[in-house]
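Here are my notes on this entry, set out as numbered points. Please read them with the coordinates open.

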Amino acid sequence: MNIKEFLNLIAKYKWLIVAIPAITLFVTFLFVKNLPKQYKSQAKLSTGLLDPSRQVAPDVPSYSGPDLLIKINQQFTNIMDIMVMPKNMSILSYRLILHDLQNPSKTFQIQSDDVNALTAEQRQAAIRGFEERIAKKQVLTPFDNYDDVKYYNLVKSMGYDAATISKKLAISHEDNSDFITVEFTSGNTLMSVFVVNTLSADFINNYSYDLISNKNQSIMVLDSLLQKKEAVMNEKNQELKEYKIKNEVLNLDKQSQIVYQQIIDYENKKSQALIDLQSLQAALNNVNKKLNDPASDRYLGADIAADNQAVIVLRNKVQAASEDYIDGGFKPAAKKKVDSLQQLLTAQLVKANDQYVADPIVAKQTLVQNRISIGIDLEKTRGSIQDIDRELAKLNAKFSGMVPFDAGVQKFERDADVATKEYLDLLNRYNQTNLDKNIGLRLQLEQEGVPTVAEPSRKLIFMALSAIASFAICFCVLFVIHLLDHSINDKKQLATATKGKVIGELNYIKSEHRDIDEIWKNVGQDEQMLTYKNLLRGLRFEIDKALAAGDHKILGITRLHPEKYSIFSAVSLAYSFARLDKQILLIGDAEMAEEIRRWNIPTNQSLKTVLSTFTFQKNNLITFLNRDLDGVSLLENKDNSGITQIFNSLKNEFDLIIVYLDAVNGVSDVKEWILFTEKYLATFMAGKSLGDSDKEVIKSLNNDKKFIGWLINGVKRN
């Protein structure tokens with residue numbers, strides 16, 4: 001994108017850019033000069049969602065942080081969406097039309113033709129119908145046009161329908177505020193007040209009623225479920241109770257703990273008894289070893305012949321009593337008998353020792369007594385181990401019998417716990433719903449709408465916006481035109497597009513002024529003609545310089561596209577060279593001949609005659625030959641050498657030969673003609689664009705050594 005060209009385009013249409021916004025501004029003024037005044041009324045509803053003082057028993061929220069804010073915003077959004085639902089908007093429409101029907105002298109707006117056309121009976125029927133619709137909360141639709149009363153048409157004609165009201169109704173909620181704002185703007189301040197107050201009051205009533213109705217339905221459903229869950233819970237608890245009674249299970253967990261603890265205690269006792277048994281057995285073996293050792297007989301009274309008969313008798317009795325005690329199951333009476341005999345035996349031994357102070361028999365008797373005592377203790381220990389084993393067997397059998405009962409109890413307890421939990425959860429929901437019903441969300445109309453003064457006029461704003469919008473549209477249109485415009489309009493653009501040399505440009509001359517003789521002679525009358533003359537001189541200089549470099553005289557003028565403006569350029573170029581008192585031979589077509597006739601130059605001579613007879617009539621300064629060969633190409637008329645010879649002869653007669661050729665991007669024998677030119681240039685009409693086929697032709701021209709450059713015609717200068 002060329003910014004300079006875009007700015008030039010804006011400068012070119014600057015008056016249009018100024019005129020269109022000015023006209024738009026004037027038209028806008030005509031529309032808004034009688035713009036009616038607007039009155040805005042505002043009401044505020046308190047929700048209690050963010051006001052702790054409104055919450056009697058606030059529920060502990062299950063949300064926190066951003067989640068809590070999102071949930072609260074969702075509640076505000078839901079409330080605002082419900083306010084503009086068709087049901088609430090229809091009730092508002094009914095209220096408005098009823099006000100006008102019931103108060104014809106105090107209507108909010110001028111009564112429409114439909115309302116004025118109502119008879120007294122139809123008006124009363126309409127009033128009754130609208131009141132019934134309010135009671136039923138019936139939504140207004142386009143199908144509500146009956147034969148007796150056309151409800152929809154009446155509301156629509158007064159502009160009280162939901163679509164019209166919604167355009168001027170605004171419901172909003174500010175961040176961190178507990179209030180919802182309801183605003184309405186109209187041409188009647190009383191209507192604005194009526195709309196915001198009526199909509200708010202009806203919404204609060206309907207919302208509260210719907211909320212309580214929904215809660216009551218929920219409570220009924222929860223109560224029904226609660227009764228079912230309570231019956232299931234009682235049934236499961238009864239089954240658990242009956243199972244425990246049937247199997248004589250009071251507290252299975254406690255009982256199993258007691259039995260298990262008893263098993264552990266008896267196991268510990270058995271372990272200690274086994275240790276004692278091993279100790280007593282070792283002691284008995286040691287005593288027996290000492291008594292049976294022959295080396296120690298003399299120290300144990302072996303030399304004493306007479307033994308104390310009383311000691312022996314008592315010892316035998318003690319032994320017999322001990323056996324009776326053990327065999328009798330360790331009865332206390334037997335134990336007392338053993339102890340008594342043991343005391344008698346001890347007394348007898350003491351008595352014997354007193355008689356024999358140094359008698360070795362005493363030591364032996366002591367060992368015997370110890371052996372008896374150890375034997376008794378050993379038998380006691382063995383008996384206690386047997387008792388412990390019997391008790392352990394009983395306890396293990398009892399513990400094993402508790403396992404099946406434990407599985408059954410766990411099953412019934414698990415079922416009872418699940419049923420109880422479901423019942424309690426449902427009970428909590430039931431209580432919470434009851435609580436919400438009584439102290440839940442309660443909307444309040446904190447601030448009613450009141451009449452206000454008219455809003456500041458927006459006429460200037462509308463006018464400014466219209467002017468800015470029209471200016472922006474003009475600017476955007478020009479910008480789009482510039483982006484989509486691929487036309488070439490000046491020398492610089494042509495050089496960029498063709499990547500070739502541009503030797504000159506000629507400005508645009510209107511068709512009625514295309515007379516080079518008049519332009520040259522009366523140049524002072526028009527700036528455009530003076531520019532054309534000066535540009536033509538510059539082009540003449542560039543061509544003369546290119547021809548002089550090789551002493552060439554034959555110049556071909558072709559064009560990229562077929563167009564007639566290049567004829568005027570070729571004729572003007574021939575005229576400019578003639579002004580240097582040079583003899584010019586101009587070879588062109590029939591259209592060029594018409595241009596030449598203005599100068600009273602003969603146009604009846606043809607190149608065909610010259611090629612065949614080399615006879616022609618030389619005119620003063622400019623001689624014209626018609627290059628029409630009657631459908632025969634140049635080389636078909638004469639061979640290459642012959643044509644070259646004729647052109648060389650013409651070079652001797654004229655200072656410059658200008659050959660006007662056909663377009664290179666067309667169907668013609670232009671290549672044969674270029675073959676006999678010494679230099680040639682191509683013209684391009686300003687305002688045209690280049691196609692894909694043009695680019696190939698341009699590339700071949702730029703690579704041709706005979707091609708001296710481009711001439712752009714019809715350049716429109718500011």
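1. A cut-off comes first: a residue is buried under 20% relative accessible area, exposed over 50%, and partly exposed in between. By that scale Cys476, with a relative accessible area of 45%, is partly exposed. Keep in mind throughout that this is a predicted model.

2. Overall make-up. The protein has 718 residues, and 38% of them count as buried. Its secondary structure comes to 24 helices and 11 strands. The exposed surface is about 41,400 Å². Carbon and sulfur atoms supply 54% of that area.

3. Contacts along the chain. Take the contacts with a separation of 6 or more: 79% of them are between residues 24 or more positions apart.

4. Cysteines. How many disulfides does a search of the whole structure find? Zero. Cys474 shows the reason for its own case: the closest cysteine sulfur, in Cys476, is 9.4 Å away, too far for a bond. A disulfide would need the two sulfur atoms within 2.5 Å. Seen from the other side, Cys476 has the sulfur of Cys474 as its nearest cysteine sulfur and is in no disulfide. Is Cys474 buried or exposed? Its relative accessible area is 10%, so Cys474 is buried. Cys476 is partly exposed, at 45%.

5. Strand E7. This strand covers residues 584–588. Why call E7 largely enclosed by the rest of the structure? Five of its five residues are buried, so the description follows. In a regular strand, side chains alternate between the two faces of the sheet. Here Ile584, Leu586 and Gly588 point one way. Leu585 and Ile587 point the other way. Residues on both sides are buried.

6. Partners of E7. Which strands does E7 pair with? One is E8, residues 622–626, joined to E7 by five bridges. Another is E9, residues 656–663, joined to E7 by four bridges. E7 and E8 run parallel. E7 and E9 run parallel too. For a check by eye, Ile587 has Leu625 as its bridge partner in E8. In E9, the partner of Ile584 is Leu656.

7. Nonpolar surface patch. Ile23, Phe26, Val27, Phe29, Leu30 and Phe31 form a nonpolar patch on the surface. Together these residues have about 630 Å² of accessible area. Phe31 lies in helix H2, residues 14–32. Its relative accessibility is 70%, over the 50% cut-off, so Phe31 counts as exposed.

8. Lys499 backbone. Phi of Lys499 is near 55 degrees, a positive value in a residue other than glycine. Where is Lys499? In the loop between helix H15 (491–498) and strand E5 (502–507). Lys499 is exposed, with a relative accessible area of 70%.

9. Phe614 backbone. Phe614 also has a positive phi, near 50 degrees, and is not glycine. It sits in the loop between helix H20 (607–613) and E8. E8 is the strand joined to E7 by five bridges. Phe614 is at 33% relative accessibility. That value is between the two cut-offs, so Phe614 counts as partly exposed.

Key: Residues are numbered from 1 along each chain as its sequence is written. This is a predicted model: local features need pLDDT of at least 70, side-chain atom pairs count only at pLDDT 80 or more; totals for chains, interfaces and linings use all residues. Side-chain values use heavy atoms; hydrogens and water are left out. Buried means under 20% relative accessible area, exposed over 50%, partly exposed in between (1.4 Å probe, protein chains only). Helices (H or I, at least four residues) and strands (E, at least two) are DSSP runs, numbered from the N terminus. Two strands pair if DSSP finds at least two bridges between them. Contact means heavy atoms within 4.5 Å. Accessible areas come from the Shrake-Rupley method with a 1.4 Å probe; for residues, only the protein chains shown count as cover. Patches are made of residues with over 30% relative accessible area and no salt bridge: like charges are joined within 9 Å, nonpolar side chains (Val, Leu, Ile, Met, Phe, Trp, Tyr) within 5 Å. A salt bridge is a side-chain nitrogen of Lys or Arg within 4 Å of a carboxyl oxygen of Asp or Glu.
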